[in-house]
Amino acid sequence: MIFTNIVPRVSETDGVGHINNVFVPIWFEAGRREIFRIFSPKLDFINWKLALVKVTVEYVDQLYLAEEVEIRTGIEKIGNSSFTIKEEIHQTNRLCAKGEAIYVNYNFKEKRSEAISDEIRDKLQSVKFLEKWYENNKYKVSNNIRGWWG
């Protein structure tokens, strides 16, 4: 599982001090960054392999400006050419949003999906979403820390 911290910005709030709901999917995407690196290590669009085909978001509790949020991201399911990412946003030990994103391993030049290779499948398996995660096992991802992908 991947953990990404985000510091909310004033520009992301609405008129009553909550984080506007349009930013939740954007924050979820920020949590997927290291999954993108599995397919495109340099994050360049010349060799981009992923097509987003479905996103769902469920708003569970309010988000506020004053505290950092933690995005929890992991793989829920891997198919032949697609995979499902499960995502959660937590703030002050509260689940505030949860979602799912489905991506297809896609060849944009040939305009068709491609099977996920065993090598990529193994890397995706290593970032499975874990329902129960204990603080002492957590691996944080920041701009300065990289795992096997960087």
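Here is a short walk through this predicted model, one selection at a time.

Start by colouring the whole chain by pLDDT. The protein averages 89, and 87% of its residues reach 70 or more. For the two extremes, pick strand β2 (residues 50–59), where confidence is highest at a mean of 98, then strand β7 (residues 140–141), where it is lowest at 42.

While you're there, select residues 134–150. pLDDT stays under 50 over this stretch, and the model gives it 26 contacts beyond four places in sequence. Go easy on those: where pLDDT is low, the predicted coordinates should not be read in detail.

Next, the largest nonpolar core. Show Ile35, Ile75, Phe83 and Leu124 as sticks; of its 17 residues, these touch the most other members. Now highlight α2 (33–39), β3 (69–78), β4 (82–91), β5 (94–107) and α3 (118–125), the elements that each give two or more residues to this core. The largest share, four residues, comes from α2.

Zoom in on leucine 124. Beyond its neighbours within four places in sequence, leucine 124 is in contact with Ile35, Ile38, Phe39, Ile75, Ile78, Phe83 and Ile116. Apart from that core lies another, of twelve residues; select Ile6, Trp27, Val69 and Ala97, which are among them. As background, nonpolar side chains in soluble globular proteins tend to be buried together.

Last stop: serine 11, in the loop between β1 (2–6) and α1 (23–31). Is serine 11 buried or exposed? Exposed, because its relative accessible area is 58%, and the cut-off for exposed is over 50%. Finish by drawing a distance from its C-alpha atom to that of leucine 65: 9.5 Å, for two residues 54 apart along the chain.

How values were computed:
Residues are numbered from 1 along each chain as its sequence is written. This is a predicted model: local features need pLDDT of at least 70, side-chain atom pairs count only at pLDDT 80 or more; totals for chains, interfaces and linings use all residues. Side-chain values use heavy atoms; hydrogens and water are left out. Buried means under 20% relative accessible area, exposed over 50%, partly exposed in between (1.4 Å probe, protein chains only). pLDDT is the predictor's confidence in each residue, from 0 to 100. Contact means heavy atoms within 4.5 Å. A nonpolar core is a set of buried Ala, Val, Leu, Ile, Met, Phe, Trp, Tyr and Cys residues joined through side-chain atoms within 4.5 Å.
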